[in-house]
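Me: Please take a close look at one part of this model for me. I would like the surroundings of a single core residue, then the contact between the chains.

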Amino acid sequence: MKHTKNIELIIMNSFFRRLLDKLLRRRKKVKIGLYGHPNSGKTTLANAICEDWIGTPLGVISDIPHETRSVYKQEEVVIEKDGYKLYFDIIDTPGVATKVDYKNFLRYGLSEREAKERAKEATKGIIEAIKWLDDVTGVLLVMDSTEDPLTQANITIIGNLEARKIPFLIIANKIDLPESSADRISAVFPQHTVVPISALHKENIEQLYMEMVRKFK
Amino acid sequence: MEGLKMDFLSSKALEDKSSLEKISMIIERVKDGDILVLEGSLTPSEEAELIETTMREIDIENFVGIDIHTLEKDERSFFGFSKKRTVGLTIIGPANVMKTVKKRSNFLSMIAKIGDSGASVH
């Protein structure tokens, strides 16, 4: 009888511990949105994170701008770093731009019909990306470090993140390219944390995971 | 388009307008091919709303979106101890008209396309 009571007590303890773990985990889980210009490497980075911590990539990448034209989501990603665990969902958003001209897609070999269709979908994707700013609890703002970072899209995203008090990291991506300059991004946004990486080659990716745990845990 | 029309709006002209009114006015004029120069800046949420509205208005053939550029200035606090950058001017125009923009500290140079020729604005 006493033995049975003990087992019940153990089961109850275990049940409440699991419940507590679940509640704590749920409280700590964040939704991290990947934002930035088209072709800045958001999906490449989302794939790198998913490959490292889930085992499979998230989305399709290509050289043609606006390849990601709707939001892709990976739930229940867990990063373990320095004894800390960060539970989060990845929200890979379409690139944000102030203009979409179908003629730009023609040079990548798309037919006029395909280019126009892509442009239409891209405009819808940008609206969806902006709407997701209401739901994300953290952001990785991905910038192509070979390009001028002082663009209206970056300024608008940062302004909205600051106004909504959403924590974010600036990712200076493509540091594997000779013309890249992460320092230029740091100089333009000195008040924010800039993490230089190459998402394609996973260069400095461990540093990013450490910064993510620090920023979003 | 026969010429380049530029509208300059003082901060006073905008202060009584709601965000919706400001964005509607900007989109309407930019779709007509005008370039707007605003004194001051839009708020971050107005900028996001402006991008959203622009995306809804893009019709692929005639209106492909907007270009926005800002010219910032240093502003000192009342006692002059601290300095911060604020937006002095905001320039918004149709993306297919605003072609080249060069920006340096306290200087912005823009080349707008009018038909087959180009107009330079500094």
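**A core residue and the chain contact**

Reply: Start with Ile171(A) in this predicted model. Setting aside neighbours within four places in sequence, Ile171(A) is in contact with Leu45(A), Leu140(A), Leu141(A), Val142(A), Met143(A), Val195(A) and Ile197(A). Three of those names return in the largest nonpolar core, which has 66 residues: Leu45(A), Leu140(A) and Leu141(A), along with Ile171(A), touch the most other members. Helix α4 of chain A, residues 112–131, gives this core its largest share, 6 residues. In soluble globular proteins, nonpolar side chains tend to be buried together.

Now the chain contact. Chain A brings 17 residues and chain B brings 16. On the side of chain A that touches chain B, α4 and α5 of chain A are the elements that give two or more residues. The largest share there, 7 residues, comes from α4(A). That side of chain A divides into 7 nonpolar, 6 polar and 4 charged residues.

Next, α5(A). The axes of helix α5 of chain A (residues 152–163) and helix α3 of chain B (residues 44–57) come within 8 Å and cross at roughly 135°. That angle makes α5(A) oblique to α3(B). Their crossing is left-handed. From α5(A), the residues that meet the partner helix are Thr156(A), Gly159(A), Asn160(A) and Ala163(A). From α3(B), they are Pro44(B), Ser45(B), Glu47(B), Ala48(B) and Ile51(B). By type, the residues of this helix contact divide into 4 nonpolar, 4 polar and 1 charged.

Conventions. Residues numbered from 1 in each chain as written. Chains lettered and ligands numbered in written order. Predicted model: local features only at pLDDT ≥ 70, side-chain atom pairs only at ≥ 80, totals over all residues. Axes fitted to C-alpha atoms, helices over the stretch in contact; angles between N-to-C directions. Helix = DSSP H or I, 4+ residues; strand = E, 2+ residues; numbered from the N terminus. Parallel < 35°, antiparallel > 145°, perpendicular 65-115°, else oblique. Left-handed = near helix turned anticlockwise from the far one by under 90°. Contact = placed C-beta atoms within 7 Å. Nonpolar A, V, L, I, M, F, W, Y, C, P; charged D, E, K, R; others polar. Core = buried A, V, L, I, M, F, W, Y, C linked by C-beta atoms within 7 Å. Buried ≥ 20, exposed ≤ 12 C-beta atoms within 10 Å, placed from the backbone.
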